[in-house]
Structure formats: C-alpha cells, structure tokens
Amino acid sequence: MTPPAAERRPDFAARAASYDELRAPDDAWWAVFRALVAEGDLRGTRVLDVGCGTGTLTAALAERAGAKVWGIDPTPEMLAVARAKAPRGAGFKLAAAEALPFTDRWFQRAVMTLVVHLVDRPRAFAEIRRVLGEDGRFALWTFAPEHFGRFYLNRLFPSLESIDRARFPTGGQLEDELAEAGFASVRIRPLSLTKSIDREEALRRIRGRHISTFDLIDEREYRAGLERAERELPARVVYPQQGLVVVAAT
C-alpha cells in the first residue's frame, strides 16, 4: 500500500542524472536569476547556495555575477553532477540546510531557489542567519500561492495542487519565520513570468517526473495523468509562473 503524501519524501537521488536535461535554464529561469542577483545584491560577494542540487545556480553566480560560491546539498548524487560541471569560483559540500558546515558569519550572502518547501524552515533559517555576517542578505525564490491554481498539470493530476499548496509557505509565513530566525527585515517582490514549452518537451518532462511532487502522488494517479497528457496536451503549452523573490537582511 502506498503511504499518504505527507509521509513520503521526494527521491532526488533517482532524478539526479536526468535533472539538468529535464530542467534546463530557460528565459524564465534567467529572469529569476537576474532578480535574485539584483534584489539580493549578490554580485562579487561570498555566497552560500543552500540546496544547490546539480549546481546550476551556483555555477551561474560564479560565472556571471563574479561571486565566490559554496553550494551545499544533502544528496550525494546531485552533488556529483554539480562537481562535474563546477566552474572556477564554485565549491560544494555535502550538507543539510539545517546543519551548515561553516563557521559563524562566514558568508556575505545566501540564496535558495525552490528549496524552501523541502527543509525544516525554522532550523534552516536559523543556520543561514548564523553563517551570514554583518549587512548580510538572504535571497530566496519560491512559488506564490496563486501559482498553484493555474499550473497546467493540475487538470492531469488532481491531487497535485493540494499537495503543493500544503508544502509551500506563503509570503506571510516566510516573513514571520525569517523574523523569528533573527533577520532584521524582510521584503517580498512578486515576480510573474510566462513559461512556454512544446508538447513533446512537456511529455518528456512528465515521463521523467521532473518535479518532486510526482514522488508524492499515488502511482495510479501518475499513470492515469500521463496517459491523459499523451492524449490531450496541445502542440504548445503556455502557462504563468507566479513567484516571490524574498530578501531578508541581517
């Protein structure tokens, strides 16, 4: 019997080898990158990338923002991919967000992209606050609550929306939790983007279970949704992506 979603955990080790292929940076990704660099004042600083995965953001910060970056992630398979493509100025450590292997006030900046729903936020935020120095900033990107009601996969996988609404914090929750962790101020900038992919790309991503929520739904629902996608997806899938750029200052 498949356990309920609340008791299951995404398997990032299983998707590490195909992660970059299924989630390659597109125009929307680069728009988020530019917003994080600008709002978080990341250029030329010493940055911690929390939950770096395969290191795409880590590498971009080193190559395009002139930052000295350490990426941490708890999944060895993801870090193996990150290390294989690491540019000069990027380093990686196997670690969890809740127990960072760095001394107090070591970093000037920290970033986190689509990770905040995967960690124990009170512990992770306290650790990030600990390793940030004076005038430090923590910039994160996450989905806004209104994103989930308009995601194109919802009609194919009926439980997807409710699972993700339960996983992702609201802007108000993040403000409260960051303040509780000791950050002096928090500001939130909504960022609305448009994603566009062709039918074959959409199907390839679904077949590759490109989002971790696929690990949390029932296998029968996944199979039924995939079959429906193969029958019903249009030649091009265009959908909005509504997110939040959150910046907390020490």
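Below, two people talk through the strands and helices of a predicted model.

Colleague: Start with E5. How many of its residues are buried?
Modeller: Strand E5 spans residues 132-143, and 9 of its 12 residues are buried. That makes E5 mostly covered.

Colleague: Which way do E4 and E5 run, parallel or antiparallel?
Modeller: Parallel, with 6 bridges joining E4, residues 107-113, to E5. Valine 111 in E4 stands opposite alanine 139 in E5. The chain gets from E4 to E5 through helix H5, residues 121-131. That β-α-β crossover is right-handed.

Colleague: And E5 with E7, parallel or antiparallel?
Modeller: Antiparallel there. E7 covers residues 236-249, and 7 bridges join E5 to E7. Leucine 140 has valine 246 in E7 as its bridge partner.

Colleague: Back to H5. Which residues of H5 are buried?
Modeller: Arg121, Ala124, Phe125, Glu127, Ile128 and Val131. They span an arc of only 160° around the axis, so they sit on the same side of H5.

Colleague: What covers the buried residues of H5?
Modeller: The cover includes strands E1 (46-50), E4 and E5. Helices H7 (160-167) and H8 (171-180) are also included.

Colleague: You mentioned E1. How many bridges join E1 to E2?
Modeller: There are 5, and the two strands run parallel. E2 is residues 68-73. Valine 47 stands opposite valine 69 in E2. Helix H3, residues 56-64, carries the chain across from E1 to E2, and this β-α-β crossover is right-handed.

Colleague: What about E2 and E3? How many bridges join them?
Modeller: 5 bridges join E2 to E3, residues 90-94, and they run parallel. Aspartate 73 stands opposite leucine 94 in E3.

Colleague: Which helix makes the β-α-β unit with E2 and E3?
Modeller: Helix H4, residues 76-84. The unit is right-handed.

Colleague: New topic: H9 and H10. At what angle do their axes cross?
Modeller: Roughly 170°, and the axes come within 10 Å. H9 is residues 199-207 and H10 is residues 219-232. Angles over 145 degrees count as roughly antiparallel. H9 and H10 are therefore roughly antiparallel to each other.

Colleague: Which residues in H9 and H10 meet?
Modeller: From H9, Arg199, Leu203, Ile206 and Arg207. They meet Tyr222, Leu226, Ala229, Glu230 and Glu232 in H10.

Terms used. Residues numbered from 1 in each chain as written. Predicted model: local features only at pLDDT ≥ 70, side-chain atom pairs only at ≥ 80, totals over all residues. Heavy atoms only, no water. Buried < 20%, exposed > 50% of the residue type's maximum accessible area, 1.4 Å probe, protein only. Helix = DSSP H or I, 4+ residues; strand = E, 2+ residues; numbered from the N terminus. Pairing = 2+ DSSP bridges. Right-handed = clockwise from strand over helix to strand, strands pointing away. Arc of directions from axis to C-beta. Contact = heavy atoms within 4.5 Å. Axes fitted to C-alpha atoms, helices over the stretch in contact; angles between N-to-C directions. Parallel < 35°, antiparallel > 145°, perpendicular 65-115°, else oblique.
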